[in-house]
Amino acid sequence: MDSFPGVDGRRRTGAAISPARVVAYALLVGESLVILIPTVYGRATPRLFGIPFFYWFQLLWIIVGMVVTGIAYLLVERPPSAGGRDPAAAHPSAERPGAAR
Amino acid sequence: MKHDPHVIGLELGIFIALFLLVAGLGFAAVRWRSVKRLASIDEWGLGGRSFGNFISWFLIGGDLYTAYTFIAIPALLYGTGALGFFAVPYTIVVYPLVFLIMPRLWSVAHRHGAATPSDFIRVRFGSPTLALAIALTGIVATMPYIALQLVGIQAVLQSMGLSGTGWQKDLPLIIAFAILAAYTYTSGLRAPALIAFVKDALIYIVIIVAVIYIPSRLGGYGHIFHVAQAHFATPKAKKAHASFLLPAGGGLAYWTLALGSAFALFMYPHSITAVLSTRNRDVIRRNSVLLFPYSFLLGLIALLGYMAIAAHVKVTNTNLAVPELFQKEFPHWFVGIAFSAIAIGALVPAAIMSIAAANLFTRNIWVQFIDREATPEREAAVAKIVSLLVKIGAVVFVVLLSGQFSVNLQLLGGVWILQTFPAIVSGLYTRFFHRWALLAGWLAGMVTGTLMAYAVPNPAKHQHHFGGSVYAWHYFGLHFKAYHGLIALVINLIVVVLGSLILNALRVPKGEDLTRPEDFEAPVGEPLPPLEVGQPQPA
């Protein structure tokens with residue numbers, strides 16, 4: 001259930017679609033969709049400590065958003081810096097980037 | 001009322017002391033984490049691309065949640081009610097977007113030494129024209145945003161009673177910004193990164209105290225909402241199109257505002273500057289989870305608008321609602337801290353915005369079109385001077401023109417920056433869309449967005465134009481009210497898709513693409529391939 005290695009045995013691009021990634025993306029999309037449909041929460045009741053539903057639901061959803069994004073973070077594979085290549089090999093900003101003409 | 005026309009000594013004393021502390025930090029930041037002199041855009045303008053999880057959390061949080069946010073979002077709830085709460089879904093939606101999109105931008109920017117969104121566009125699409133369009137949009141959208149930070153400071157100074165006559169009126173503001181300009185010039189992005197610690201600590205303290213202490217004085221949250229509900233039921237409030245819950249048909253305006261703002265936020269140059277200053281792509285992913293507490297904070301800040309209503313704060317300029325609320329409810333010494341928090345909260349984003357605009361101008365206009373042989377040292381020198389000019393421009397803007405003009409332009413700026421979304425984000429995933437189609441879509445979005453923004457009246461403020469962000473659409477048999485920025489984005493996308501289909505069918509040259517698929521997933525520590533980059537790659 002890990003990522004699919006490339007042909008040469010090395011992980012290649014983000015094109016590797018693992019089930020975990022699909023679940024992560026579905027969670028993120030679902031969580032965002034709910035908060036983008038105001039008919040879901042556009043009412044006054046039920047109130048919580050006297051706060052109308054419209055207001056407390058959205059505040060609550062911030063916490064849901066954090067939890068969901070956190071789960072997505074754990075599900076999406078870490079960048080493959082841990083394996084294969086030597087992370088200490090580079091100091092990225094030392095050289096002037098050639099692309100910036 | 002406690003509000004006197006004269007300056008209140010204790011408040012001002014605390015305010016000046018904290019401001020000086022922050023200025024000292026700003027100048028000291030030049031020595032912080034620096035390996036050598038700040039003689040390149042990467043060092044001066046991106047903090048050496050070295051910030052880890054901890055610093056980035058403060059920096060990005062301090063960058064995105066600006067002083068104007070603390071003033072304007074509650075002001076919106078105070079003035080219009082439920083619609084103003086769109087800031088909450090906005091900040092909920094933005095982090096999943098960051099989580100998905102920004103690591104790709106980080107990687108490709110890292111591999112190709114891109115310091116600005118336009119650098120990426122040029123590398124990806126081989127089109128200096130499209131890159132120029134993106135750069136100009138970024139600069140033009142950022143300028144009024146910087147000016148708005150000044151409006152935030154102005155609201156605080158005014159509330160403290162620092163309002164002389166004539167040119168003296170603006171003197172404190174000019175001094176504050178001159179000091180900011182000086183330490184940004186010397187320390188670059190390291191200055192706001194260091195100051196962000198102070199800013200965020202102050203903001204968290206003030207808001208947490210505010211959302212506990214003020215309701216305790218006003219009779220609890222239930223009572224506050226009760227008063228607000230009664231307030232929005234009055235004929236006067238109804239006439240101003242304000243409402244306690246979303247009106248019928250208001251849902252579309254609500255979610256388009258939230259989604260459009262979320263799309264726009266990370267297209268702003270200052271957001272991208274903060275993203276590119278991180279040490280690796282995992283820092284961005286991690287922070288898109290960890291930054292949520294700021295969103296919660298923002299939700300609580302928004303409610304300050306209702307607290308102001310419950311505390312019987314009466315202001316015509318809604319931007320003064322929060323300062324007046326603090327004046328009314330807090331003891332003097334804490335008002336000093338709260339106002340410092342807002343003012344320092346303006347300095348961090350203003351510094352990052354001016355740096356971002358300077359990076360854009362230097363990389364994508366100056367070096368691209370005027371001084372092609374510039375060394376990194378010369379790039380940094382140009383950027384530093386431009387950061388000064390940008391700040392002077394913002395001060396002139398606010399002092400000579402009305403604050404309302406900055407607000408209008410900032411609304412427009414949001415519409416404009418949103419039109420760079422198709423080029424930047426599609427470019428991170430695909431080359432299907434044609435560079436000229438992206439340019440045409442951008443132009444279509446800019447023009448229609450500006451026209452729609454112009455056509456929005458605000459009867460409550462007696463404005464005929466630029467009256468708000470919700471446009472009533474009545475074309476092609478469709479009738480709805482939505483955020484004009486997002487409508488313009490849809491028009492933009494239609495042009496991009498149709499144009500790309502046509503141009504691709506005609507086999508119009510697509511431009512040189514210097515990126516490779518794996519560049520978008522390049523992890524931390526991948527060495528830059530300096531030789532390879534200049535070589536043409538098959539498109």
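**A helical chain with one hairpin, and its smaller partner**

In chain B, strands β1 (residues 470-473) and β2 (residues 480-483) run antiparallel to each other and are paired over four bridges. The model described here is a predicted one. Within this pair, B:Ala472 has B:Lys481 of β2(B) as its bridge partner. Six residues lie between the strands of the hairpin, and B:Phe476 adopts a positive phi near 55° there.

The hairpin is a good place to begin a tour of chain B, whose secondary structure amounts to 23 helices and two strands. The chain has a radius of gyration of 23 Å, close to the 24 Å given by the globule rule for 539 residues, so chain B is as compact as a globular protein of that length. Its C-alpha trace extends about 70 × 60 × 40 Å along the principal axes. Burial and contacts fill in this picture. Of the 539 residues in chain B, 60% count as buried. When contacts between residues at least 6 apart in sequence are considered, 83% of those in chain B connect residues at least 24 apart.

Directly following the hairpin in residue numbering comes helix α22 of chain B, with residues 484-505. The 22 residues of this helix should span 32 Å at 1.5 Å a residue, and the distance of 32 Å between its end C-alpha atoms agrees with that. Several residues of α22(B) are buried, among them B:His484, B:Leu486, B:Ile487, B:Leu489, B:Asn492, B:Val495, B:Val496 and B:Gly499. As general background, an α-helix has 3.6 residues a turn, so residues three or four places apart point the same way.

Just after α22(B) comes B:Arg507, with a positive phi of about 55°. This arginine is not a glycine, yet its phi is positive. B:Arg507 belongs to the loop between α22 and α23 (530-534) of chain B. With 7 other C-beta atoms within 10 Å, B:Arg507 is exposed, since a residue counts as exposed at 12 or fewer. For context, most residues other than glycine have a negative phi.

Attention now turns to the interior. The largest nonpolar core holds 209 residues, and the members that touch the most others are B:Ala302, B:Met307 and B:Ile342. Helix α17 (residues 332-370) of chain B supplies the largest share of this core, with 20 residues. In general terms, nonpolar side chains in soluble globular proteins tend to be buried together.

Which residues does B:Ala302 contact, leaving aside its neighbours within four places in sequence? They are B:Ile73, B:Pro74, B:Leu77, B:Gly84, B:Phe85, B:Ala87 and B:Val88. A second residue to consider is B:Ile301, which sits in helix α15 (residues 292-310) of chain B. B:Ile301 has 24 other C-beta atoms within 10 Å and is therefore buried, the cut-off being 20 or more. Beyond four places in sequence, the contacts of B:Ile301 are with B:Phe70, B:Ile73, B:Pro74 and B:Ile207. B:Ile73 and B:Pro74 thus appear among the contacts of both B:Ile301 and B:Ala302. By way of a longer distance, B:Ile301 and B:Leu130 are separated by 171 residues in sequence and, C-alpha to C-alpha, by 38 Å in space.

Chain A completes the model. It has two helices and zero strands, and of its 101 residues 24% count as buried. Among its contacts between residues at least 6 apart in sequence, 46% link residues at least 24 apart. The average pLDDT of chain A is 70, with 59% of the residues scoring at least 70. In residues 1-15 of chain A the pLDDT is below 50, and this stretch has 22 contacts in the model beyond near neighbours in sequence. Residues 79-101 of chain A also have a pLDDT under 50, and the model gives them 45 contacts beyond four places in sequence.

Two backbone features of chain A deserve a look. A:Thr45 and A:Pro46 are joined by a cis peptide bond with omega of about -5°, and A:Pro46 lies in the loop between α1 (19-35) and α2 (53-75). The loop between α1 and α2 of chain A also includes A:Phe49, whose phi is positive at about 50° although the residue is not a glycine. A:Phe49 has 9 C-beta neighbours inside 10 Å and so counts as exposed. Most peptide bonds, by general rule, are trans.

Conventions: Residues are numbered from 1 along each chain as its sequence is written. Chains are lettered from A and ligands numbered from 1 in the order in which they are written. This is a predicted model: local features need pLDDT of at least 70, side-chain atom pairs count only at pLDDT 80 or more; totals for chains, interfaces and linings use all residues. A nonpolar core is a set of buried Ala, Val, Leu, Ile, Met, Phe, Trp, Tyr and Cys residues joined through C-beta atoms within 7 Å. Two residues are in contact if their C-beta atoms, placed from the backbone, lie within 7 Å. Two strands pair if DSSP finds at least two bridges between them. The radius of gyration is taken over C-alpha atoms; the globule rule is 2.2 Å times the number of residues to the power 0.38. The expected span of a helix is 1.5 Å times one less than its number of residues. pLDDT is the predictor's confidence in each residue, from 0 to 100.
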